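Please open the model in your viewer and keep the sequence panel beside it. The stops below go from the whole chain to single residues, with a selection to make at each one.

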Amino acid sequence: MIVELSVIPIGVGESLSKHIAEVIKVFEKKGIKHKITPMGTIFEIEDYVKLGSILQEINETLIEMGVGRVYMVIKSDFRLKESSMEDKVKSVMEKLK
C-alpha cells in the first residue's frame, strides 16, 4: 500500500522543519521506504494495522516534543496487485512519451 501523509503540528510557530525531521526519523528507525516531498511524505507499508502503528508513533513523538495538537492528512492507495511508488510514476512517464 502506498500512503501520502502530511503532518501539521499546531501551535509551534511558522517553521515546522524541526518537528517534521522527527517524523522522518520514525520512518527511518522502522526501515520504511519513504520519499519526502515539499507537502508531505509518501511511503510504502504492508497494511492498515501497520499504518495505524506508525501514525500512533508519530503522534507520540510530537507530543513528547511538546506539541499539544497534531493534524494529519492521510491518503492511501491499497491494491491487491503489488505496486510501488516507482511503478506509479513510471506508468505516467511512459504515457507522456
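A contact here means that heavy atoms lie within 4.5 Å. Counted in this way, residues 24 or more positions apart account for 69% of the contacts in the protein with a separation of 6 or more. Please bear in mind throughout that this is a predicted model.

**The whole chain**

Begin with the cartoon view and colour it by secondary structure, where you will find 3 helices and 4 strands. Followed along the sequence, these elements run in the order β-α-β-β-α-β-α. If you draw a box along the principal axes, the C-alpha atoms fill roughly 45 × 30 × 20 Å. Of the 97 residues of the protein, 29% count as buried.

**The nonpolar core**

Next, select Leu5, Phe27, Phe43, Ile45 and Ile58, which are the residues with the most contacts inside the largest nonpolar core, a set of 17 residues. Strand S1 (2–10), together with H1 and helix H2 (48–64), supplies residues to this core, each of the three giving at least two. Which element gives the most to this core? That element is H2, with 5 residues.

**The aromatic pair**

Keep Phe27 and Phe43 on display and hide the rest of the core for a moment. The count of aromatic pairs comes to 1, and because the ring centres of Phe27 and Phe43 are 4.7 Å apart with their planes at 45 degrees, the pair is classed as tilted. Since Phe27 belongs to helix H1 and Phe43 to strand S3, the pair ties together parts that are 16 residues apart in sequence. Are these two residues, Phe27 and Phe43, buried or exposed? Both Phe27 and Phe43 are buried.

Now show the surroundings of Phe27: leaving aside residues up to four places away in sequence, Phe27 touches Leu5, Ile32, His34, Thr41, Phe43, Ile54 and Ile58.

**The largest pocket**

Move on to the largest pocket by selecting Val7, Ile20, Pro38, Met39 and Gly40, which lie nearest its centre among the 17 residues of its lining. The pocket holds about 290 Å³ of space. Strand S1 (2–10), helix H1 (17–29), strand S2 (34–37) and strand S3 (40–44) are the elements that give two or more residues to the lining, and H1 gives the most, with 6 residues. If you colour the lining by residue class, you should see 12 nonpolar and 5 polar residues, and no charged ones.

**His19**

Stay on helix H1 and select His19, which lies in it. With a relative accessibility of 5%, His19 falls under the 20% limit and therefore counts as buried. Which residues does His19 touch, not counting those up to four places away in sequence? They are Pro9, Val12, Leu62, Met65 and Val67.

**Gly52**

For the last stop, go to helix H2 and select Gly52, which lies there. Its relative accessibility of 35% lies between the 20% and 50% limits, so Gly52 counts as partly exposed. To close the tour, draw a distance line from the C-alpha atom of Gly52 to that of His34: these two residues are 18 residues apart along the chain, and their C-alpha atoms are separated by 16 Å. His34 was already met at an earlier stop, as one of the residues that Phe27 touches.

Methods: Residues are numbered from 1 along each chain as its sequence is written. This is a predicted model: local features need pLDDT of at least 70, side-chain atom pairs count only at pLDDT 80 or more; totals for chains, interfaces and linings use all residues. Side-chain values use heavy atoms; hydrogens and water are left out. On a 1 Å grid over the protein atoms alone, a cavity is a set of points where a 1.4 Å probe fits but cannot get out, and a pocket is an open set with protein on both sides within 12 Å along at least five of seven lines; lining residues have an atom within 4 Å of a point. Grid points are joined across faces, edges and corners, and a volume is the space filled by probe spheres set on the points. Ala, Val, Leu, Ile, Met, Phe, Trp, Tyr, Cys and Pro count as nonpolar, Asp, Glu, Lys and Arg as charged, and the others, Gly among them, as polar. Rings of Phe, Tyr and Trp (its six-membered ring) pair if their centres lie within 6.5 Å; planes under 30 degrees apart count as stacked, over 60 as edge-to-face and the rest as tilted. Buried means under 20% relative accessible area, exposed over 50%, partly exposed in between (1.4 Å probe, protein chains only). A nonpolar core is a set of buried Ala, Val, Leu, Ile, Met, Phe, Trp, Tyr and Cys residues joined through side-chain atoms within 4.5 Å.
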